[in-house]
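User: Could you walk me through the sheets, helix contacts and pockets of this protein? I would like the reasoning along with each answer.

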Amino acid sequence: MPAASETIIFASKALLSDGWANNVAVHFAKDGRIVSVMPDTFPEADDKHVGVLLPAPVNLHSHAFQRAMAGMSEWRTSGFDSFWTWRQIMYRFLDILAPEDIGSITSYVQMEMLEAGFAAMSEFHYLHHQKSGEPYENQAELSGQICSAAAETGIGLTLLPVLYSYGGCDRRALEAGQLRFGNDFDRFHRLYGGAAKFIKSLPEDSGLGVAPHSLRAVDDHGLAQMVELAGSRPLHMHIAEQTAEVQEILAAKGSRPVEWLLDHHSVGPNWCLIHCTQMTGKETEALAKTGAVAGLCPITEANLGDGIFSAVQYLTAGGRFGIGSDSNIRISLSEELRILEYSQRLRDRMRACAATSDKSTGRVLFESATRGGAQAAGRHSGQISVGFYADLLSLDENAIDLVGRERDEILDAFIFVGDDCLVKNVWSAGRHVVTHGKHVKGEAIRANYRKTMASLRARM
């Protein structure tokens, strides 16, 4: 994608860092950073005019390749299907994926994210090698495919290469379906260096972090090495997603996953702990106090039967969260937030769970996810303010579901009444990548993905 040109957007209504404002002019420079925000102004003839302007969130957790298997795992394979039986289906599927497949799938996923209103994404990237477990000639080949997709789509990318060393807490060898993930730390470090070279070829808003996969797949020493490698950069990790995982770690380490992690590491604002659906109340409040981000993926967590995150208790304790699409079975900004809130309502038999005395449910969910996602990605975005990247989305103010809506009601209607069809424009660090609800390269990306899916089906 070309670099952003100097641009002024005029919005009838905009959600700024200090609340709603009318008739707002947002000016951003060629580097994609906002240089001025001026409420109560009037547009010039050549300004881009939009109805409702919002900061655009980061999709903080994605396994892009899984998009191509969406809908293929809805058959019962045993007496009691679960995350663990789904995982075996996923292992069989990834065996047929070639590098060019992964590039095509990732471009399509990123396009869908942008059209849903996300301006950037964090790719939790653990698919590194050939089916045999042998590295490609360039160990970071598949990282390069993800970066090439970002160059095509214009999405803001934080790449998170994953260290995955063992099949469980007992350090057992990886099974056949996991061989494409496997690295010891030394080989991972070489792969990480290769990924860094690919990131440098992208716009300056791109970034690199690290991802020790989980307490099951990385031993204590490997985790410590990853923490050191990360420094202040983003560090993401799966944790406390499944009851069987909690039981395995409790048996091996003598404490529950989140409890053990907080006792043994200085978890702080650069950490993002993914899922956290199996926490006690004590763990929930302790995690909230660290300043880390809980990476929530409500659509995937519902699809896999993971459990329900304790959002009310966590937010009450001051916790920060962002949202991701994880398995990418469905990519929808509005629906992720809707399911997060509705899961609380179903469990607790109450309404407006996330709302506060001065902000509606939709406002709390949207602002929290936007700022938490930016923090987790190490991205200077998440609000419409001077110096921040122009990660922006506009909603169609003429849409039926927004007629007569004002201030927080706009977000409530977007999340609980409408859907992502209300998204009309998206800018990623000033790059205008979605217009009239469609990606600027959508036709070519969709056509390539169709060919990839046809080829994959023929190989299955």
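Analyst: Happy to help; the questions and answers below are about a predicted model.

User: Let's start with the eight-strand sheet. Which strands stand at its edges?

Analyst: The eight strands form an open sheet with mixed pairing, in the order β3-β2-β1-β4-β14-β15-β16-β17. A strand at an edge has a single partner strand, so one of its sides is left without a neighbour in the sheet. Here the edge strands are β3 (34–38) and β17 (438–439).

User: Within that sheet, what is the bridge partner of Leu392 in β15?

Analyst: Strand β14 covers residues 392–395, and strand β15 covers residues 423–428. These two strands pair in the antiparallel sense over four bridges. For Leu392, the partner in β15 is Trp427.

User: What about the four-strand sheet: by how many degrees are its neighbouring strands turned against each other on average?

Analyst: This second open sheet has the order β10-β11-β12-β13, and its pairing is parallel. Its edges are β10 (235–239) and β13, each with a single partner strand, so one side of each lacks a neighbour in the sheet. With direction ignored, the average turn between neighbouring strands of this sheet is 30°.

User: And which residue in β13 is the bridge partner of Val293?

Analyst: Strand β12 spans residues 293–296 and pairs with β13 in the parallel sense. Four bridges join the two strands. In β13, the partner of Val293 is Arg320.

User: Now the helices. How are α11 and α13 set relative to each other?

Analyst: The axes of helix α11 (residues 333–348) and helix α13 (residues 408–416) come within 8 Å. They cross at roughly 90°. The two helices are therefore roughly perpendicular to each other.

User: Which residues of α13 make the contact with α11?

Analyst: From α11, the contact uses Leu333, Ser334, Leu337, Arg338, Glu341, Tyr342 and Arg345. By class, the contact of α11 with α13 has six nonpolar, one polar and three charged residues. On the α13 side, the residues are Phe414, Ile415 and Phe416.

User: α13 also packs on α12. How many nonpolar residues are in that contact?

Analyst: The axes of α12 and α13 are 7 Å apart and the packing angle is about 80°, which makes α12 roughly perpendicular to α13. The contact joins Thr361, Gly362, Arg363, Leu365 and Phe366 of α12 to Asp408, Leu411, Asp412, Phe414, Ile415 and Phe416 of α13. Two residues of this contact are polar and three are charged, while the number of nonpolar residues is six.

User: Turning to the pockets, which helix gives the largest share of the lining of the largest pocket?

Analyst: The largest pocket holds about 370 Å³ of space. It is lined by 18 residues, and the closest to its centre are Glu115, Ala116, Ile331, Asp420 and Cys421. The lining has seven nonpolar, three polar and eight charged residues. Five residues, the largest share, come from helix α2 (residues 99–116).

User: Which element gives the largest share of the lining of the second largest pocket?

Analyst: The second largest pocket has a volume of about 290 Å³. Among its 18 lining residues, Leu315, Gly319, Phe321, Val364 and Ser368 lie nearest the centre. Two or more residues come from each of α10 (311–316), β13 (320–323) and α12 (361–377). The largest share, seven residues, belongs to α12.

User: Finally, how many charged residues are in the lining of the second largest pocket?

Analyst: The lining of the second largest pocket divides by class into nonpolar, polar and charged residues. Seven are nonpolar and six are polar. The number of charged residues is five.

Definitions and conventions. Residues numbered from 1 in each chain as written. Predicted model: local features only at pLDDT ≥ 70, side-chain atom pairs only at ≥ 80, totals over all residues. Heavy atoms only, no water. Pairing = 2+ DSSP bridges. 1 Å grid on protein atoms, 1.4 Å probe; cavity = no way out; pocket = protein on both sides within 12 Å on 5 of 7 lines; lining within 4 Å. Points joined across faces, edges and corners; volume = space filled by probe spheres on them. Nonpolar A, V, L, I, M, F, W, Y, C, P; charged D, E, K, R; others polar. Axes fitted to C-alpha atoms, helices over the stretch in contact; angles between N-to-C directions. Parallel < 35°, antiparallel > 145°, perpendicular 65-115°, else oblique. Contact = heavy atoms within 4.5 Å.
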